[in-house]
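Hi,

Here is the structure I promised to pass on. Have a look at it first, and my notes follow underneath.

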Amino acid sequence: PGPFRPSRRDQPDPSASERELHEGGEYRAVAVGEPSPEFAGNAVRTAKYSALTFLPRNLFEQFRRLSYVYFLAITVLNQLPQVAVFGRGASVLPLAFVLFVTAVKDAYEDIRRHRSDRRENNRLAAVLAPQTAGEYLPKKWKHIRVGDVVRVASNETLPADMVLLATSDPTGLAHVQTVNLDGETNLKTRYAKQETQLSFSHDGHVAGMLHCERPNRNIYGFQANLEIDGKRVSLGPSNIVLRGCELKNTTWAIGVVVYAGKETKVMLNNSGPPSKRSRLETQLNRETVILSIMLIGMCITASVLAGIWLLNHQRELEFTQFFREKDYTTGKNYNYYGIGMQIFVTFLMAVIVYQVIIPISLYISMELVRLGQAYFMGADNDLYDESSRSRFQCRALNINEDLGQIKYVFSDKTGTLTENKMEFMCASIHGVDYSSGKPACGSSVVVDDLLWTPKMAVRTDPQLLKLLNNDSSNEEAKLVLEFFLALAACNTIVPLVLDTRDPKQKLIDYQGESPDEQALAYAAASYGIVLVERTSGYVVIDVLGDRQRFDILGLHEFDSDRKRMSVIVGCPDKTVKLYVKGADSSMFGIINKSLELDNVRATEAHLHKYSSLGLRTLVVGMRELSQPEFEEWQLAYEKASTAVLGRGNLLRSIAANVECNIHILGASGIEDKLQDGVPEAIESLRQAGMKVWILTGDKQETAISIGYSCKLLTNDMTQIVINNNSKESCKRSLEEALARTKEHRVASSIGSPYPVLASESSGTVLALIVDGNSLVYILETELQEELFKVATECSVVLCCRVAPLQKAGIVALIKNRTDDMTLAIGDGANDVSMIQMADVGVGINGQEGGQAVMASDFSMGQFRFLVPLLLVHGHWNYQRMGYMILYNFYKNATFVLVLFWYVLYTSFTLTTAITEWSSLLYTVLYTSLPTIVVGILDKDLSKSTLLAYPKLYGSGQRNEKYNLNLFVLNMLEALWQSLVVFYIPYFAYRQSTIGMSSLGDLWALASVIVVNMQLAMDIIRWNWIIHVFVWGTIAATVICLFVIDSIWVLPGYGAIYHIMGQGLFWLLLLIIVVTAMVPHFAIKAFSEHFVPSDIQIGREIEKFEALNQVLSVDSYYQ
Amino acid sequence: MNSGDAAGSSSGGSGDAGAPRRASRKPKYSKFTQQELPACKPILTPKWVISVFLLVGVIFVPIGVASLLASNKVVEIVDRYDDACVPSNVTNKLAYIQNSTISKTCRRTLKVPKDMKQPIFVYYQLNNFYQNHRRYVKSRNDQQLRDASKANETTLCDPEKTRDGMAIVPCGLIAWSTFNDTYTFQHNTNNLSIDKTDISWKSDRDHKFGSDVFPKNFQKGPLIGGKTLNESIPLSEQEDLIVWMRTAALPTFRKLYGRIYVDLKENDTITVTLDNNYNTYSFDGKKSLVLSTSTWLGGKNDFLGLAYLTVGGLCFFLAFAFTLLYLIKPRLVAYKLSYTNRIKFHR
């Protein structure tokens, strides 16, 4: 231990933390090395079912959908003998089929989970055998218990959440990769406490009592203390390694299991994103209600008419041969209970017969279509990001079609618009700006005859280099050195030494959680101050060729309240220094301005300059601590860091106490590079009619400059800035802004006939810039209404310095007040709330870890993929799904109406001429497959057209493919077509010998052909797969009819053979199909030519532009 | 279905992620995965629209004319006899028809309006008889009809299932109510033989009605529904029953009674002697005797020809109307080529 290693005073207050734990009543005591059966074992179970529970549980899960309950009720109804319409077996079939398919899928998934569970549970880990000293025996993961001491080797996966006791590194350092946990690929450092490390190296084992909090989901938090040799050692998040992580760059590590199995943090976090429902699915409910009303109407009509018929024929029933009321063996009425009852029974039967009007197959079709769409989105080469090797991922399978209706895009800035790969650009040191960077070769360090080179070199300022290297005695040079020392020491970066091909060369890779810190550490290295080694107690820094060791006496981590971090360093010259770095706003508050006003002013000016260049700025400061000051701090720090509960607050207040009277060293400017294609992507989105809002935690200047660089802001825009510190002033500026927007609208609407497009057409556009401080006074108060009004008038909105929850608040502001669809895109933990709030959440696989991706509905590698995602896939998904839903309603309505017309000629007794098997197969087989295939494969326009004309996206925003009008039109077509299908054969076969089964076959076949022709007419792109399915389905229907009529026990035996032998049948089929399609064809021909939609024009361009390239555009406009 | 599962298994701790793979995970390129399969994309250009309508017209009008001609060739004699065959002094027709002691022979004279070529089909036609009534159409058992060993199988046959505890063969309302009026014909003065064989479907005789199944306990109840079957003839040869059991689709229907293989001349008279047994009086049913020739299209049926002519004509009209529209308001396809400028804006 160095001279400043705090001598551990005996127990500051031994009972304090103990009491804290007891008071909460929320702790668990773990004896190290003694497996305790009291807590959950390490066996995990992600599978939902076992062989025994599968059936009941799976059925229960499935019947949570209301529609299934409806179908079940109908099936049960059909089992009543009085009401039975279909045979028992036949009626159960469709529901059973749907349930079966889903159950098979669930079972398959569950078997996979079982397998992975088994594999996982049976993995082996080296566990310390109890009552032995240092003997590690292999044990299956599932047998590991809390309290076991486990030894993990490099590249092995950790079997449970463990507190590190010792590692191969003498300082107790271990590196873990948490990619399975949060998606972050960089290494994280974890420490074993010196006490346990020492104890282990002495005795070969560790004994003690560990008190830790109860299992919870917080991956980034852990509080515990360990009693070892009568001492109490505090443990924090940096001492725990979690299940699912892999040990890296560490030969071995030993830890004690504190949470096992289902209580591990990874398992507690193992829940999917919140389930969202798509807009179309919500709208579909309205149509379902309309259809239910139609259904009830038809049932009432049929049953009332049946009642009237019975009333009129009441006295004839006994002797009428086809009714014969009485059963003479009993002398009683058979199956006749009076007119009232008969009406009721008829009503129930009608419900059973006509139930298909609410399509059961639609739900399963939608699932399948979404699966197919998700597959194609994932397989799209254009959505694959080579740099992060990430594919597009559909994490939520039920909102694909929402991608085609987005109106508002809320984007995070850092990591989303920008790459989040920071590059140090310039520095202002002691009031002097050094910003003329030149590419440098970087500097290397010689360690044990090996050359260590930092992985990245930054551009260095020659003047600064000269200053550093030449006259190190001069005061200015000392300050510069301090500045770079602060950059190198005041961080949480871990230098990893990697081998290169040249055995004499090693690479230093700075691993850390903050890309800003990485950039600063590389910058310091380029100027010759190279961070070489970091342990929990000290850092080794190569200062211009001279290796020095600095003791890290304390570290106050960055938090979003303070917006700064600091370290207390014991320097080789026995002084104690506090280095602080942080955001300018937080730093200027703690700077001792009285001493060096000029310096502060100059730095402020430079900061302003940097941020207007779009750079991220940090201010660095330091203070030398006097001995009493240090001791006072040390006492408080020790006390706070051994506390188990409330430690965070304690540490924060200590940090606030010590971070004062700072002497400013300088400021740094880091470039946050824009991702590829961001300006173009934003331009496309805006052309597509979407409003792009940027929500960032950066300060106003940075936000504005990024706004300019991604072309969201342009010079001809009028900016409205709302940046206030009180509610009143916020109110005032909002009112002013509102007045300005009104003014603006009046002015521009004179020139333009389209009010909505006024802002687009009249040169000037409004941009609103709101700052997080003002949002505090606006969101969730009555002022947010005003903000909404202003914001919707502006075409660009930038929100800066916003907190994560404010991001969600802004999304909610739009989502709750309009019907427009919102999309939030982000990459960091701070975007999670916004991603979950928006209708569609998109996560970027970026540097900031995987939390955004975990919370998102879709994830991808780059911001610019938003364009193909929305404009191409979203558009396709929406138009496919919209069409498919309408078509399903239409086709079932057609069929049900055909059945209904027949009932008018059976004295209203719900006989169906079409066999029950055909009725049931109609939705399952005869008409379902083509719609699914079309829903997956058809595209209205090609990718290139959609990308070239972003305005085509408007079709989804305006609900053009699914709305009430289209529904009504479809229902009218269903009405017409059912009349044609029913009445043409009716009139042709009136007064003939036609049998029920024969006519039923004709009706069934004609319905199937007509609805499939309707689909065929609406298909836009015929590829071979679609051909196969559409024509194949008709062929399959014919085959099914033949098969059904070949079963001798059914009354229809042979019917299809006889009717197909007649010329009349074929002539009828032809005229039915043509007559049914004429209106649809005429309407289509008319509307496509005389009131073409944008999409129609796009299709024509696509098809004919290539042909007509020779002709100039003007010749089309004579 | 459960989207959470997919997310859970991919992100969870079930440890199948392994070490990061260095190889590119770029999806394989194929025309299928990129949704770029070669496809045909039809567009309704004026040329297409007009040609389709014209084509339909050109096909449909001749078919319509041919159908009408065929229908007009059919000679049909329809004679409704249910009222006429009840003596005019009977007031209660139902009691009359139910009284089995009265002889119900009735004589009708038919005049041949035009030459009729053989074969001449003899049908009986019933109006208002709902053979498709749900209660009726279900009341049969096909197993019993085919298989002698299943004679006791009478499920669904209610309310005509058993007689004194014995299964009725054939059971059910349909068989019970088989039509039982009979016709004999005299052409001028000669007897006209009527061929009653092969009036039912061969498939029914061969596979649906057993050749070893004989009627039992049939028509023994207090209410006689219709024809009584000869218990020594197997069901497969009871052709009237087989015809009757092919239930008609609509409440007005004809059933084949037999064929006459004699050519009839215009103004010939045919005398029909019929037994008016079948009760249609209880429900206002009508009974008619029909003699008809046949063509490739079947019997007399003007509707099909008229329908074809109408639809064909309509298509000609639409072709004409669209031509006019296209001329009045021409829009060269893709006239909005400079799309970005001219694209229309909604709302």
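**The largest cavity**

The largest cavity holds about 190 Å³ of space. Its lining is made up of 18 residues, and those closest to its centre are S91(A), P94(A), Q355(A), V356(A) and L920(A). Bear in mind that this is a predicted model.

The search of the whole structure turned up 10 cavities of 30 Å³ or more, but I'll stick with the largest one here. What sort of residues line the largest cavity, by class? There are 12 nonpolar and 6 polar residues in the lining, and no charged ones.

As for where the lining comes from, five helices of chain A each supply at least two residues: α3 (66–79), α4 (88–121), α9 (339–354), α27 (866–903) and α28 (916–926). α3(A) gives the largest share, with 4 residues.

**How that fits with the domains**

Chain A is split into domain 1 (144–269), domain 2 (271–358), domain 3 (388–417 + 676–743 + 764–861), domain 4 (422–673) and domain 5 (884–1117). Note that domain 3 is given as three stretches of sequence.

So which domains does the largest cavity lie between? Residues from both domain 2 (271–358) and domain 5 (884–1117) of chain A are found in its lining, so the cavity lies between those two.

Domain 2 of chain A also meets domain 3 of chain A: 8 residues of domain 2 are in contact with 18 residues of domain 3. Taken over C-alpha atoms, the centres of these two domains are 53 Å apart.

**Over to chain B**

Chain B is 347 residues long, and 52% of them count as buried. You'll find 10 helices and 10 strands in it. Looking at contacts in chain B with a separation of 6 or more, 79% are between residues 24 or more positions apart. The chain exposes about 16,100 Å², with carbon and sulfur atoms supplying 55% of that.

**One residue to click on**

Try T33(B), which sits in the loop between α1 (3–11) and α2 (46–73) of chain B. Is T33(B) buried or exposed? Its relative accessibility is 10%, so T33(B) counts as buried, the cut-off for buried being under 20%.

Setting aside neighbours within four places in sequence, the contacts of T33(B) are Y375(A), F376(A) and A379(A) in chain A, plus K28(B) in its own chain.

Cheers

Notes:
Residues are numbered from 1 along each chain as its sequence is written. Chains are lettered from A and ligands numbered from 1 in the order in which they are written. This is a predicted model: local features need pLDDT of at least 70, side-chain atom pairs count only at pLDDT 80 or more; totals for chains, interfaces and linings use all residues. Side-chain values use heavy atoms; hydrogens and water are left out. On a 1 Å grid over the protein atoms alone, a cavity is a set of points where a 1.4 Å probe fits but cannot get out, and a pocket is an open set with protein on both sides within 12 Å along at least five of seven lines; lining residues have an atom within 4 Å of a point. Grid points are joined across faces, edges and corners, and a volume is the space filled by probe spheres set on the points. Ala, Val, Leu, Ile, Met, Phe, Trp, Tyr, Cys and Pro count as nonpolar, Asp, Glu, Lys and Arg as charged, and the others, Gly among them, as polar. Domain bounds come from an automatic or database domain assignment. Buried means under 20% relative accessible area, exposed over 50%, partly exposed in between (1.4 Å probe, protein chains only). Contact means heavy atoms within 4.5 Å. Accessible areas come from the Shrake-Rupley method with a 1.4 Å probe; for residues, only the protein chains shown count as cover.
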